[in-house]
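Trainee: I'd like to learn how to read a model like this one. Could we go through it together, feature by feature?

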Amino acid sequence: MASLPFNAIPIKLPHSVPTKPHDDQPRNPYFHSISSLCKNGEIKEALSLVTEMDFRNVRIGPEIYGEILQGCVHERDFHTGQQIHARILKNGDFYARNGYIETKLVIFYAKCDALEIAEVLFSKLRVRNVFSWAAIIGVKCRVGLVEGALMGFVEMLKDEIFPDNFVVPNVCKACGALQWSGFGRGVHGYVAKSGLYDCVFVASSLADMYGKCGVLDDARKVFDEIPERNVVAWNALMVGYVQNGMNEEAIRLMCNMRKEGVEPTRVTVSTCLSASANMGGVEEGKQSHAIAVVNGLELDNILGTSILNFYCKVGLIEYAEMVFDRMIGKDVVTWNLLISGYVQQGLVEDAIRMCKLMRLEKLKFDCVTLSTLMSAAACTQNSKLGKEVQCYCIRHSFESDIVLASTVVDMYAKCGSIFDAKKVFDSTVQKDLILWNTLLAAYAETGLSGEALRLFYEMQLESVPPNVITWNLIILSLFRNGQVDEAKEMFLQMQSSGIVPTIVSWTTMMNGFVQNGCSEEAIHFLRKMQESGMRPNVFSITVALSACANLASLHFGRSVHGYIIRNQQPSSSVSIETSLVDMYAKCGDISKAEKAFRRKSYSELPLYNAMISAYALYGNVKEAIDLYRSLEDMGIKPDNITFTNVLSACNHAGDINQAIEIFSDMVSKHGMRPCLEHYGLMVDLLASAGETEKALRLMEEMPYKPDARMIQSLFATCKTELVEYLSRQLLESEPDNSGNYVTISNAYAVEGSWDEVVKMREMMKAKGLKKKPGCSWIQIKGEEEEEVDVFVANDKTHLRNNEIRRMLALLLYYMCSDSK
């Protein structure tokens, strides 16, 4: 499309607006009757009059055929229109070569979306006017040939046929579809010069075009300059806001529209419902529903589907069910929405029940229905359901559908069957990029970086160019396999190949560093991301705060918190507020953690869990238990993490009575089953309190196999006869953990069993195990990069090792001198 002129569209304004070609006012008495019948959709009756005219030898002029063709257009009666065309050809060139009839035929075929016939007739026109151009540009827009529509617009101008208020909206629609804002501005210039700006439909189409191109400021300017805005204009801007994620603006616009007394349509309400669903605005969505009811808008497929979609997305499934039951003429799309809503809420049985009801209504499953069921199988890891859906796909010839193939691959991957996922992938004949990425995601999640890389190179050999999602998945697979350096190299390769990293790319890198113990690198990448002009989102900020907590770097943590405040993000996410509390607690500032908690915008369980964990870390058992008790007053049900944190607080404080009470409440009051970690905390607490026998009995009676950490907690207080028993269990649990051998050795040393101590040391040596050295770090303020300096016992690799040792020697000298 390089030939299309974007910047300069030739414009010569007409001296007069071209009129519809017609004969002189017809004197035929049949004309008005036929015209009236055609306008009322009574085409057969009109044809009967034409037959009567023919029988009585009354002259049938071109205007008669023109009226009947126009009636066929209104009724979209393609078959009758073709019969009229045949009759015209049969009656000879007087009719067939009449300019008015030729134009009417082009319009008829174009309006019936018969593009090929319309183009043939259009190419044979001796005189092309604005009406024939409008028809051919319109049909190209409708069938998706938008570039051809714009070419037609340019040719019109070159032929000095000036587009009118029917042509321009279609041209704007084409610009919006292609997101060619430059061409659109040229059209805007033509509109301003030709005096079409006063037409509200032309102005609305301009606003809609700018909205689809993402140029919302220009869309708003066009909207504000419309002298008398109708509902179409309001809807155009509202849709633009929603399509560009400006959901709050869309809601605000609807409020202003109602203040101006403009009655909303189904499109208005549907758009506001989409905005409400996108922003999770339950009250806004309910109000939009109420407006539809108050204004008497019928709950048809369009409006009903929008309301149903809103309630499903915000999780109000009972409301969605009520709307579904009251809808008129439910189609497959409607059923799919409710089935999808059930799946999103984890109500898989209800989704299956709805599928059975759908079949009883004689409706067939489509690709969306089957994809939704496959997603349900993936989310619940129900491979049996997934296989049943796959069998249905095969029986009903859906196996070649590429979207379904992707969901089947994803289902098998989520169910832990990578082999079956690869089998489905290999059996799919036509693979698109989404399918390749789906299998890559399966490899990435399981850390199969070798398989992921092999697939990455294979897809390029198959001439499928990787996109940014592909690169992100490869990087993720490397991080999941602990290949940090390789992941960094792959990130650089992505940039050098011309792929611009997205916010997901940067966040994947940061999270990968944190998960692999390289939190300092994560902070470094946060800076690089900002330098590249990318603004951190909620998840990247949460990862950065996690990195600060891991480093116990209060300086970095405060910097990130400052960024959050400056960019007005504290109220944007529960995860950010939770991460702030966690970061301050782990960085040693419990008062700041409490302050962040008190300023919370949400009363969500994760935030309370973080604060209880903070109190547990500092041994503030009273505050932790008080906060735990307050959950019941607010009607928030505690989860496993809550009890882990409260029991940890009791453990740190040695409060065995409170711990036993809370452990009992967990089962009797909240109906929860304690997990291995809960038992571990209780065993550790009992052992620390000298209740070794009770701890051992609890460990033996619990429904889990004890882990190494639990067994280790018993060594500190156990008697000599238990050491051997516990040692055996510990080494069976983790035979290659050097820390276990050290724990056993220390226990024997306390008992004076030196032979056993030597035996443990020899076993470690034989297995090639070494005790992991202790590690500490420090961050020096004022340094250019403010990097964290890490020190390991007996490590001499630090760049300033000699300087550090000289300083230590000097300090030791001063200390010895002072002692004298």
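Mentor: Happy to. Keep in mind from the start that this is a predicted model.

Trainee: Let's begin with the overall picture. How many helices and strands does the protein have?

Mentor: There are 46 helices and two strands.

Trainee: And what share of the residues counts as buried?

Mentor: Of the 820 residues, 47% are in the buried class. As for the outside, the accessible surface is about 42500 Å², and carbon and sulfur atoms account for 52% of that area. You can also ask how far along the chain the contact partners sit: taking contacts between residues at least 6 apart in sequence, 60% join residues at least 24 apart.

Trainee: Now the helices. What do people use to describe two packed helices?

Mentor: They use the angle between the axes and the distance between the axes. Try helix α22, residues 367-379, with helix α24, residues 402-414: the two axes come within 8 Å and cross at roughly 10°.

Trainee: Are α22 and α24 roughly parallel or roughly antiparallel?

Mentor: Roughly parallel, because an angle under 35 degrees is put in that class.

Trainee: Which residues of these two helices touch?

Mentor: From α22 you have Cys367, Leu370, Ser371, Met374, Ala377 and Ala378, and they meet Val403, Leu404, Thr407, Val408, Asp410, Met411 and Lys414 in α24. Sorted by class, the contact of α22 with α24 holds nine nonpolar, two polar and two charged residues.

Trainee: Can you show me a pair with another angle?

Mentor: Look at helix α38, residues 640-653, and helix α39, residues 656-668. They pack at about 165°, with the axes 9 Å apart. That makes α38 roughly antiparallel to α39, since the angle is over 145 degrees.

Trainee: What is the handedness of the crossing of α38 and α39?

Mentor: The crossing is left-handed. On the α38 side, the contact is made by Asn640, Phe643, Val646, Leu647 and Cys650, and on the α39 side by Gln658, Ala659, Ile662, Phe663 and Met666. By class, this contact of α38 with α39 has eight nonpolar and two polar residues, with no charged ones.

Trainee: Let me try one more pair. How do α14 and α16 cross?

Mentor: Helix α14 (residues 231-243) and helix α16 (residues 266-279) have axes that come within 10 Å and cross at roughly 20°. So α14 and α16 are roughly parallel to each other, and their crossing is left-handed. Val231, Asn235, Met238, Val239 and Val242 of α14 make the contact with Val267, Thr268, Thr271, Cys272, Ser274, Ala275 and Asn278 of α16. In that contact of α14 with α16 there are seven nonpolar, five polar and no charged residues.

Trainee: Time for single residues. Is methionine 510 buried or exposed?

Mentor: Buried: its relative accessible area is 0%, and the class takes anything under 20%. Methionine 510 is in helix α30, residues 503-515. If you leave out neighbours within four places in sequence, methionine 510 is in contact with Ala522, Phe525, Leu526, Met529, Ser540, Val543 and Ala544. One of these, serine 540, is 30 residues away in sequence and 7.4 Å away C-alpha to C-alpha.

Trainee: What about a charged residue, aspartate 665? Where does it lie?

Mentor: Aspartate 665 lies in helix α39. Its relative accessibility is 14%, so aspartate 665 counts as buried. Beyond its neighbours within four places in sequence, aspartate 665 is in contact with Tyr628, Arg629 and His670.

Trainee: And is lysine 622 buried or exposed?

Mentor: Exposed, because its relative accessibility is 58%. You'll find lysine 622 in helix α37, residues 621-633. The C-alpha atoms of lysine 622 and alanine 649 are 8.7 Å apart, with their positions 27 residues apart along the chain.

Trainee: Last topic, the backbone. What sign of phi do most residues other than glycine have?

Mentor: Most have a negative phi. Glutamate 160 has a positive value, near 60°. Glutamate 160 sits in the loop between α9 (146-158) and α10 (167-178), and at 42% relative accessibility it counts as partly exposed.

Trainee: Where is alanine 552 found?

Mentor: In the loop between α32 (538-551) and α33 (554-566). Phi of alanine 552 is positive too, near 55°. Alanine 552 is partly exposed, with a relative accessible area of 40%.

Notes
Residues are numbered from 1 along each chain as its sequence is written. This is a predicted model: local features need pLDDT of at least 70, side-chain atom pairs count only at pLDDT 80 or more; totals for chains, interfaces and linings use all residues. Side-chain values use heavy atoms; hydrogens and water are left out. Helices (H or I, at least four residues) and strands (E, at least two) are DSSP runs, numbered from the N terminus. Buried means under 20% relative accessible area, exposed over 50%, partly exposed in between (1.4 Å probe, protein chains only). Contact means heavy atoms within 4.5 Å. Accessible areas come from the Shrake-Rupley method with a 1.4 Å probe; for residues, only the protein chains shown count as cover. Axes are lines fitted to C-alpha atoms, for helices over the stretch in contact, and angles run from 0 to 180 degrees between N-to-C directions. Angles under 35 degrees count as roughly parallel, over 145 as roughly antiparallel, 65 to 115 as roughly perpendicular and the rest as oblique. Ala, Val, Leu, Ile, Met, Phe, Trp, Tyr, Cys and Pro count as nonpolar, Asp, Glu, Lys and Arg as charged, and the others, Gly among them, as polar. A crossing is left-handed if the near helix is turned anticlockwise from the far one by less than a right angle, and right-handed if clockwise.
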